[in-house]
Amino acid sequence: MDLPPDWIDPPDLATARAAQMALAARVVTEDALGPVRLIGGVDISNTRFDPENLVFAAVVVLNWPGLEVVASASAVRRATMPYIPGFLGFREVPALLEAWAKLGERPDLVLVDGHGVAHPRGLGIASHLGVVLDVPSIGVAKSPLVGRPEGELGAEPGAAVPLAWKGRALGTVLRTRCRSNPLYISPGHRVSPTAAVEWVQRCGTGYRLPEPTRQAHLAANVARRAHGVVKPEGPE
DNA sequence: GCGACAG
DNA sequence: ATCTTGTCGC
């Protein structure tokens, strides 16, 4: 998909807002994914008090149904925008695109660390990335941005309840582990609400986060810590 | 006006 | 997001 540069790297918040509305109009919430053989996971890592404002992006590729990491790529970029709730995509997507471009084989589906359509204007980072890459994506967030669980969530893994906002169900609040806070799942792009939850559950390996984003999180940290490492330590 | 607010 | 070891509990 060929988009205006300003839609990816907006010069200001007003432009970002306009780009967000335009991109949101392209989001598809119906299943439009082919056979899934590779599942991707993406995440970002930041350095605390970093005057450089560096953003470390990681993309990992896992096979399905093995859920083993078969490839990964990372990229470092200077953040253009600060973190503003509701505009996360403009801060992280550019670096993710750079990492994505380095991949040899692309995933058929991507799990993103953040919301999909469970967003005030329907364009959380998962939908944002999905539309820009035109790839099926799912939003996997660790806390809500808008909306709240509808009803009481069960304590058992697999327990789920709708994420309601303004009388609408934007996604699903899903408990993936006992005694762990739930995850907020929502369609990113080209994935239905039910399929989104199903895929997250299928990618579960006993941890709170599904394997793709869990591995992406680890990879992003590795990328950040590798940055600036002058020389590896060796045994004496 | 006030509080909330993904990563 | 990031800072951090041990520690409490299942």
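## Hairpins, sheet and DNA surfaces in a predicted model

Biologist: In the hairpin of strand 2 and strand 3, which residue takes a positive phi?

Modeller: The model is a predicted one. Five residues lie between strand 2 and strand 3 in this hairpin. The one with a positive phi, near 60°, is L67.

Biologist: Which residues does the cis peptide bond join?

Modeller: Most peptide bonds are trans. Here one bond has an omega of about 10° and is cis. Its proline, P65, sits in the loop between strand 2 and strand 3. The two residues joined are W64 and P65.

Biologist: How many bridges join strand 2 to strand 3, and in what direction do they run?

Modeller: Strands of a sheet pair through backbone hydrogen bonds, either parallel or antiparallel. Within this pair, A57 faces A75 of strand 3, and F56 faces V76 of strand 3. Strand 2 covers residues 54–63, and its link to strand 3 consists of nine bridges, running antiparallel.

Biologist: Which residue of strand 2 does S45 stand opposite?

Modeller: Strand 1 and strand 2 run antiparallel and are joined by nine bridges. In strand 2, eight of the ten residues are buried, leaving the strand mostly covered. The residue opposite S45 is F56.

Biologist: What is the strand order of the open sheet, and which strands are its edges?

Modeller: The sheet has nine strands with mixed pairing, in the order 3-2-1-4-5-9-8-7-6. An edge strand pairs on one side only, and this holds for strand 3 (69–78) and strand 6 (148–149).

Biologist: What angle does the direction of helix 3 make with that of strand 2?

Modeller: Helix 3 packs on the sheet. It touches strand 1, strand 2 and strand 3. The angle between the directions of helix 3 and strand 2 is about 50°.

Biologist: Is helix 4 enclosed or open, and why?

Modeller: Helix 4 spans residues 125–133, and nine of its nine residues are buried. Among them are I125, H128 and L133. The cover includes helix 1 (5–8), helix 2 (13–24), helix 3, strand 4 (109–113), strand 5 (137–141) and strand 9 (183–189). With every one of the nine residues buried, helix 4 is therefore largely enclosed by the rest of the structure.

Biologist: Is D134 buried, partly exposed or exposed?

Modeller: D134 comes just after helix 4 and lies in the loop between helix 4 and strand 5. Its phi is positive, about 55°, although D134 is not a glycine. It has 13 C-beta neighbours inside 10 Å, so D134 counts as partly exposed.

Biologist: Where is F49 found, and is it buried or exposed?

Modeller: F49 is in the loop between strand 1 and strand 2. Its phi is positive at about 55°, and it is not a glycine. Because F49 has 5 C-beta neighbours inside 10 Å, it counts as exposed.

Biologist: How far apart in space are E105 and L38?

Modeller: E105 lies in the loop between helix 3 and strand 4 and is exposed, with 10 other C-beta atoms within 10 Å. Leaving out residues up to four places away in sequence, E105 touches L38, V61 and A71. E105 and L38 are 67 residues apart in sequence, but their C-alpha distance is 8.7 Å.

Biologist: Which element gives the most to the surface near DNA strand B?

Modeller: DNA strand B is surrounded by 19 residues, the closest being Y83, L88, G114, G124 and K142. By class, eight are nonpolar, eight polar and three charged. Strand 1 (38–46) and helix 3 (88–101) each supply at least two residues. The most, three residues, comes from strand 1.

Biologist: How many nonpolar residues are in the surface near DNA strand C?

Modeller: The residues around DNA strand C are S45, N46, T47, R48, K142 and N221. Four are polar and two charged. The number of nonpolar residues is therefore none, as the classes divide.

Biologist: Over which residues does pLDDT stay under 50?

Modeller: Chain A has a mean pLDDT of 95, and 97% of its residues reach 70 or more. One stretch stays under 50, and the model has zero contacts for it beyond four places in sequence. That stretch is residues 231–236.

Conventions: Residues are numbered from 1 along each chain as its sequence is written. Chains are lettered from A and ligands numbered from 1 in the order in which they are written. This is a predicted model: local features need pLDDT of at least 70, side-chain atom pairs count only at pLDDT 80 or more; totals for chains, interfaces and linings use all residues. A residue is near a molecule or strand if its C-beta atom, placed from the backbone, lies within 6 Å of it. Helices (H or I, at least four residues) and strands (E, at least two) are DSSP runs, numbered from the N terminus. Ala, Val, Leu, Ile, Met, Phe, Trp, Tyr, Cys and Pro count as nonpolar, Asp, Glu, Lys and Arg as charged, and the others, Gly among them, as polar. pLDDT is the predictor's confidence in each residue, from 0 to 100. Two residues are in contact if their C-beta atoms, placed from the backbone, lie within 7 Å. Two strands pair if DSSP finds at least two bridges between them. Axes are lines fitted to C-alpha atoms, for helices over the stretch in contact, and angles run from 0 to 180 degrees between N-to-C directions. A residue is buried if 20 or more other C-beta atoms lie within 10 Å of its own, exposed if 12 or fewer, and partly exposed in between; C-beta atoms are placed from the backbone.
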